[in-house]
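Please work through the exercises below with the sequence and the structure at hand. Each task is followed by a solution in steps.

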Protein chains: 2
Amino acid sequence: MSLQSVHSIAELRDTLSSMRRAGATIGLVPTMGALHAGHSRLIEQARQESGYVVVSIFVNPIQFDQKDDYTRYPRTLSTDLEFCQARSVDVVFAPAVEEIYPHPQRTFVEVTGVTEHLCGQFRPGHFRGVATVVLKLFNVVQPDRAYFGEKDAQQLAVIRHMVRELNLPVTIVEVATVREADGLAVSSRNQRLSPEQRRVATGLFQALQVAEKRIASGASSPDEIKLEALAILQQESQLRVEYLEIVDPDEMQPVDRIAGPVRVAAAVWIGSTRLIDNLLCKPV
Amino acid sequence: MSLQSVHSIAELRDTLSSMRRAGATIGLVPTMGALHAGHSRLIEQARQESGYVVVSIFVNPIQFDQKDDYTRYPRTLSTDLEFCQARSVDVVFAPAVEEIYPHPQRTFVEVTGVTEHLCGQFRPGHFRGVATVVLKLFNVVQPDRAYFGEKDAQQLAVIRHMVRELNLPVTIVEVATVREADGLAVSSRNQRLSPEQRRVATGLFQALQVAEKRIASGASSPDEIKLEALAILQQESQLRVEYLEIVDPDEMQPVDRIAGPVRVAAAVWIGSTRLIDNLLCKPV
């Protein structure tokens, strides 16, 4: 069966309601396009678990805190469609901005608490924009399952809280981060790095691994672990740390002491490129 | 068929999914209980249009800006159940607070703009609480249609914006305000009025009618019309005006000039009882 590409909500709803009536379960992979190996893993898992797989491709203006970042975001629809076709996606939903926001958007979903630290602190309004568009996509697609990457751990926490606290009838599936051979998490932003910046970027994963090892060997002081991880990052003068935090994996609040699983999360800048990564770390 | 009374979300979802599979359309009447003639009209209309009618009864703590108002709110479940039974409701969903809020609620729906004036200005957080619980109820019930009274016009505007801007697959049905013989809008709060206060309360509808007549006869200055309507309210020393505004019926923002349909809305206090009412008014 060949890939269907749909731009209107009404057409998508028509297609999906006939699939639903035929008894198919629906899997949604929400993306902003510029598809890469990380998305591939999301699609593969959706393909395994769902009768009908929808990939949405929408660069969501209301989640960008910087207009420049929004306009510069890569838009590669034709290669994305080939990418989806090769992975047996059933339908790509690629709406225009006016299809998703035909009126001034006055309604927003706020997930408080979970969004206070990490990226939420440095990108005001970002998670409000993410939660709002994801809820809109859920209401349009009404998927049985929706797939998100662990790399965006705070986004995942926001969506899990939203689903639970708004009683949304959808199962959130978390898919492990895909990494390059040297450990760098796959991201569309990696393409912007020069060869030298690309070498420097490996420091991010190395720093997280240092924290992971210390936690696994029984260290319980977040401050001490952070110092050690930061020391790795500070070896590279081209790398600027935005944050490195050790947080509770559900509430995403910094912990005082490590007594159970925690997430070590960091954001760094290399030149004008911002990279994030995280690891779920467990004490012995 | 006798009325079913359900307290758990899981049980309600089971019941509804079998009704849905059987092809029934579902109508939801969300209430806080203390059912009266206004609710009766909502239920009647739902009964006419839907195969299966759900009335929810839930005094929603997060929409009360004053704790005292929340604890004093009437709770009359057994008479409400008889009321619903007499009107051929299929199921009453009457959850405990812990069923709706089992976790700390961190996720909220904010409808900006529409909530700035009128009640929104005087009851901080009220519409955030309303929008959030209504969205939760929509996600639990997944109704085809949901019924709301015109008396709570700003609430209706908030819900209409939410539905439109979050792409919710539900039709909102507006039902006209039910009034006593002397015009007072039916409300559970009317029971709190003494006979003398009850007499004074009729001034609210009279003031709105004065505005309606002036608008129908071509008056276009909101300030002049408000002065005339306020003069009626000020005849009663026991009646304290919280607001009287002339607003755009969709955005609920005060208008500078009347050139199309507007909503005249007011809130007054009589003793410790707050009453609201409104009229949709059209120029010639």
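The exercises go from the whole chain to its sheet, its domains, the contact between chains and single residues.

This is a predicted model, in which local features need pLDDT of at least 70, side-chain atom pairs count only at pLDDT 80 or more, and totals for chains, interfaces and linings use all residues. Residues are numbered from 1 along each chain as its sequence is written, while chains are lettered from A and ligands numbered from 1 in the order in which they are written.

**Exercise 1. The whole chain**

Task: Describe the make-up and the dimensions of chain A.

Solution:
- Step 1. Chain A contains ten helices and ten strands; helices (H or I, at least four residues) and strands (E, at least two) are DSSP runs, numbered from the N terminus.
- Step 2. The radius of gyration of chain A is 19 Å, close to the 19 Å of the globule rule for 284 residues, so chain A is as compact as a globular protein of that length. This radius is taken over C-alpha atoms, and the globule rule is 2.2 Å times the number of residues to the power 0.38.
- Step 3. Along the principal axes, the C-alpha atoms of chain A fill a box of roughly 55 × 40 × 40 Å.
- Step 4. Of the 284 residues in chain A, 40% are buried. A residue is buried if 20 or more other C-beta atoms lie within 10 Å of its own, exposed if 12 or fewer, and partly exposed in between, with C-beta atoms placed from the backbone.

**Exercise 2. The open sheet**

Task: Determine the strand order of the open sheet in chain A and the helices that pack on it.

Solution:
- Step 1. Six strands of chain A form the sheet in the order 1-4-3-2-6-7, with parallel pairing. Two strands pair if DSSP finds at least two bridges between them.
- Step 2. Strand 1 (4-6) and strand 7 (171-175) of chain A are the edge strands, each pairing on one side only.
- Step 3. On average, neighbouring strands of this sheet are turned by 25° against each other, direction ignored.
- Step 4. Strand 6 (residues 145-149) of chain A runs parallel to strand 7 of chain A, joined by five bridges; A:F148 has A:E174 as its bridge partner in strand 7.
- Step 5. Helix 2 (residues 37-49) of chain A packs on the sheet and touches strand 2 (26-31), strand 3 (52-57), strand 6 and strand 7, its direction making about 170° with that of strand 2. Helix 7 (residues 126-141) of chain A also packs on the sheet, touching strand 2, strand 3 and strand 6, at about 150° to the direction of strand 2. Axes are lines fitted to C-alpha atoms, for helices over the stretch in contact, and angles run from 0 to 180 degrees between N-to-C directions.
- Step 6. In strand 6 of chain A, four of the five residues are buried, so this strand is largely enclosed by the rest of the structure.
- Step 7. Strand 2 of chain A pairs with strand 6 in the parallel sense over two bridges. A:R145 is the bridge partner of A:G27, and in strand 7 A:T171 is the bridge partner of A:R145.

**Exercise 3. Two domains**

Task: Locate the domains of chain A and describe their contact.

Solution:
- Step 1. Chain A is divided into domain 1 (4-175) and domain 2 (188-281); the bounds come from an automatic or database domain assignment.
- Step 2. The C-alpha centres of the two domains of chain A lie 26 Å apart.
- Step 3. Their contact takes 13 residues from domain 1 and 16 residues from domain 2 of chain A, where two residues are in contact if their C-beta atoms, placed from the backbone, lie within 7 Å.
- Step 4. On the side of domain 1, helix 6 (118-122) and helix 8 (153-165) of chain A each supply at least two residues.

**Exercise 4. Two chains**

Task: Examine the contact between chain A and chain B.

Solution:
- Step 1. Chain B gives 24 residues to the contact and chain A gives 24 residues.
- Step 2. On the side of chain B, the largest share, five residues, comes from strand 5 of chain B.
- Step 3. Strand 5 (residues 107-111) of chain A pairs with strand 5 of chain B in the antiparallel sense over five bridges; B:T107 is the bridge partner of A:V111.

**Exercise 5. A positive phi**

Task: Characterise A:M252 by its backbone angle and surroundings.

Solution:
- Step 1. Most residues other than glycine have a negative phi.
- Step 2. A:M252 is not a glycine, yet has a positive phi of about 60°.
- Step 3. A:M252 lies in the loop between strand 8 (239-247) and strand 9 (262-270) of chain A, and is buried, with 25 other C-beta atoms within 10 Å.
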